[in-house]
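Reader: I'd love a close look at one part of this model, with the reasoning spelled out. Could you walk me through it?

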Amino acid sequence: MHEMSIAQSVVDIILQESQNHQVNRVLSVAVKVGELSAVESESLKFCFNFLTKGTLAEGAKLEIERVQVTCRCQGCGSNFTVQGLVFVCPSCQSSEVEMVTGRELSVESFEAE
Amino acid sequence: MTVKVPVVRDILEANEQLAEDNRRVFRDAGLFVINLMSGPGAGKTSLLERTIDALREEIRIGVIEGDIQSSYDAERIGQKGVQVVQLNTGGSCHLDGNMIKSSLQALDLHQLDLLMVENVGNLVCPAAFNLGEDMKAMLLSVAEGDDKPLKYPRMFQESRVLIINKIDLLPYVDCHVGKMRERALQLNAHLEIFEVSCRTGEGLSPWFDWLRRQVRDRKAEVDGTKT
């Protein structure tokens, strides 16, 4: 639902970095989106395409890497991927778990010329 | 020539920075701050009214009301005679750090012990935007169904407190509170859960006690750092 403001932040970051690196045109942008960030990929792409119109990132491809939800068990120390959103360690059944990945929302890199 | 530029920046960094600024302001004022979230109509404003009525003599409470439109909620809270400011997001589905920052000048923070921020009614987006609060608390009414933890996991993950509201409606709705609790705890084993009815007042005392404790602990913390 908040893809437009997320896309605007992506565009702000890219335009700022483009200026720092003195590039003329942005070709693609790589972002990481955690499965628990409540961001929908297609909607984010749509907003990104709209917001980049008339900027040097116009037409750039938004490459989205979805990141699975993973946790570390504080009981037995094992790492596991969360299945079906059950935050319980499959090895020792402890619910004292700490989320390691899944909340990501970051711009990783971009390609430009 | 094509170049690849590494960036690695948090997309929400601008908001995180503003939330951090707010947090500092709240700390300086010795305030305990709660970001109250729920879907529309779960009873956030009613909970605030009940809480103010019960605690106003002992705790100085301020409220930030977030809504897409209208000042209806702020007028309701204003009748209680506490400091209140209405934020209209003008369409945005959540509050963010910047909106909170801009609203703070309308409040005398040093005259408050507890600031409750009522977020926009929405079970999705508010969970992703920090405001500088000490904790997020969420409400879920039994009328919404016991399946909500399965569908909106992030909010349950981020919250410290879950208030299950409208338990007076249980005879009339197909909601299994045990299942709701179990599903919520699977997402977040540390959730503090209260079952209440803001209409009848049932079950609210433990919530008030819990709030008193948070405010007292914050005061003790602030006094501790002063000496």
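Which residues of α1(B) are buried?

Author: Happy to! Bear in mind that this is a predicted model. The buried residues of α1(B) are B:Leu18, B:Ala19, B:Asn22 and B:Phe26. Looking down the helix axis, you find these buried residues within an arc of 100 degrees, so they line one face of α1(B). The spacing helps to make sense of this: an α-helix has 3.6 residues a turn, so residues three or four places apart point the same way.

What does that buried face meet? Its residues pack against two elements of chain B, namely β2 (32–37) and α4 (97–103). Turn to the other side of α1(B) and you come to B:Glu20, B:Arg24 and B:Asp28, which are exposed. The helix thus shows you a buried face and, on its other side, exposed residues.

Now for the length of the helix. Helix α1 of chain B covers residues 13–28, which makes 16 residues. At 1.5 Å a residue, they should span 22 Å, and because the end C-alpha atoms are 23 Å apart, the model agrees with that expectation.

Finally, follow the chain past the end of the helix. There you meet B:Gly30, which follows α1(B) and has a positive phi, near 70 degrees. If you keep the view down the axis, try picking out B:Leu18 and B:Phe26, both among the buried residues, and then B:Arg24, one of the exposed residues on the other side.

Terms used:
Residues numbered from 1 in each chain as written. Chains lettered and ligands numbered in written order. Predicted model: local features only at pLDDT ≥ 70, side-chain atom pairs only at ≥ 80, totals over all residues. Helix = DSSP H or I, 4+ residues; strand = E, 2+ residues; numbered from the N terminus. Expected span 1.5 Å × (residues − 1). Buried ≥ 20, exposed ≤ 12 C-beta atoms within 10 Å, placed from the backbone. Arc of directions from axis to C-beta. Contact = placed C-beta atoms within 7 Å.
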